[in-house]
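Here is a friendly note to read alongside the structure, written for someone opening it for the first time. Keep the viewer at hand and go through the points in order.

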Amino acid sequence: VYRGKNRPILRMREEVAVFGGFAGGETDREARNWTENRTILDGENSRRCVEGANTSVLDGFIVTRGRRSGGGGMSIQRQSPTVSNCVFLENSSYDSGGAVYVFEGSPVFTNCLFRENTAEETAGGLYSTRGGAQVVNCVFIGNSALRGGAVHDTTGTLRVANSILWGNSAPEDPEIAADTS
């Protein structure tokens with residue numbers, strides 16, 4: 001478990017892939033097991049965990065207890081990373097995107113779990129605005145916000161495929177909220 005102090009724990013860099021799930025004795029990436037060998041980025045409820053970058057890869061991490069405006073767990077600003085096999089757990093935002101906030105980006109999320117994330121305004125799980133985020137084979141459960149408990153897309157082209165959104169809460173649009181211009 002890495003515990004930073006004030007800045008995001010991990011700032012991704014373009015074209016850099018970061019993989020979790022290693023026990024230490026593996027000789028290649030395919031030998032890792034991210035479900036058994038947990039690699040945790042813990043924001044300790046005081047900072048964002050991850051900032052995304054173009055063509056970067058985040059794979060096999062638990063991103064937890066991030067707290068920040070515009071994406072407590074992860075913020076993606078005009079970038080298009082790939083995020084796979086990650087768990088976003090108990091992150092929060094003062095406004096939108098408790099787990100993840102996307103602004104003018106086209107990230108791809110595959111095989112991720114978004115659980116028990118909260119936002120004081122919209123999208124406890126994933127907030128995307130003016131972008132083209134894709135969500136494939138993901139699960140959103142127990143997330144909450146005032147609108148779009150799991151997901152909220154504004155003026156973008158969010159694509160959700162083969163994913164489960166269940167048990168999320170919001171007074172308006174508990175699973176998915178969408179606004180278009």
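The points below go from the sheet to the core, then to the aromatic rings and a few loop residues.

1. **What you are looking at.** Please keep in mind that this is a predicted model. Residue numbers start from 1 along each chain as its sequence is written.

2. **An open sheet.** A good place to begin is the set of six strands that form an open sheet, in the order β2-β5-β8-β12-β16-β19. The pairing in this sheet is parallel. At its edges are β2 and β19 (159-161), each of which pairs on one side only. On average, neighbouring strands here are turned by 10° against each other, direction ignored. In general, strands of a sheet pair through backbone hydrogen bonds, and they can do this in a parallel or an antiparallel way.

3. **A closer look at one pairing.** Within that order, you can pick out strand β5 (residues 57-59) and β8, which pair in the parallel sense over three bridges. Which residue of β8 stands opposite D59? It is S84.

4. **A buried asparagine in a loop.** Just along the chain, N85 is found in the loop between β8 (82-84) and β9 (87-89). Is N85 buried or exposed? N85 counts as buried because its relative accessible area is 14%, and the cut-off for buried is under 20%. Leaving aside neighbours within four places in sequence, the residues in contact with N85 include R32, W34, D59 and F61. Also among its contacts are T110, N111 and C112.

5. **The nonpolar core.** The largest nonpolar core has 27 residues. Those that touch the most other members are V50, L58, F88, V100, F109 and F114. Two elements, β7 (74-77) and β11 (100-103), give two or more residues to this core. V100 is a helpful residue to centre the view on: not counting residues up to four places away in sequence, V100 touches G71, M74, I76, F88, F109, F114, G125, L126 and Y127.

6. **Rings that meet edge-to-face.** The structure holds five aromatic pairs. One of them joins F88 and F109 edge-to-face, at 6.4 Å centre to centre with 70° between the planes. This pair links distant parts of the chain, with F88 in strand β9 and F109 in strand β12 (residues 108-110), 21 residues apart. F88 counts as buried, since its relative accessibility is 0%. F109 is buried too, with 0% relative accessibility.

7. **Rings that stack.** Another pair, Y101 and Y127, is stacked, with 5.2 Å from centre to centre and 20° between the planes. It also links distant parts of the chain: Y101 is in strand β11 and Y127 in strand β15 (residues 126-129), 26 residues apart. Y101 counts as buried at 16% relative accessibility, and Y127 is buried with a relative accessible area of 11%. Beyond the pairs, F88, F109, F114 and F140 form one aromatic cluster.

8. **Strand β15 and its partners.** How many bridges join β11 to β15? There are four, and the two strands run parallel. In this pairing, V102 stands opposite S128 in β15. Strand β15 also pairs with strand β18 (residues 151-154) in the parallel sense over four bridges, where L126 stands opposite V151 in β18. As for side chains, L126 and S128 point one way from β15, while Y127 and T129 point the other way, and all are buried.

9. **Two asparagines with positive phi.** Most residues other than glycine have a negative phi. N45 has a phi near 55°, a positive value, and lies in the loop between β3 (40-42) and β4 (50-51). N45 is partly exposed, with a relative accessible area of 41%. N137 likewise has a positive phi of about 55°, although it is not a glycine. You will find N137 in the loop between β16 (134-136) and β17 (139-141), where it counts as partly exposed at 37% relative accessibility.

10. **An exposed loop residue.** Lastly, look at E30 in the loop between β2 (17-19) and β3. E30 counts as exposed because its relative accessibility is 62%, and the cut-off for exposed is over 50%. From E30 to T157 there are 127 residues in sequence and 33 Å in space, C-alpha to C-alpha.

Key: This is a predicted model: local features need pLDDT of at least 70, side-chain atom pairs count only at pLDDT 80 or more; totals for chains, interfaces and linings use all residues. Side-chain values use heavy atoms; hydrogens and water are left out. Buried means under 20% relative accessible area, exposed over 50%, partly exposed in between (1.4 Å probe, protein chains only). Contact means heavy atoms within 4.5 Å. A nonpolar core is a set of buried Ala, Val, Leu, Ile, Met, Phe, Trp, Tyr and Cys residues joined through side-chain atoms within 4.5 Å. Two strands pair if DSSP finds at least two bridges between them. Axes are lines fitted to C-alpha atoms, for helices over the stretch in contact, and angles run from 0 to 180 degrees between N-to-C directions. Rings of Phe, Tyr and Trp (its six-membered ring) pair if their centres lie within 6.5 Å; planes under 30 degrees apart count as stacked, over 60 as edge-to-face and the rest as tilted.
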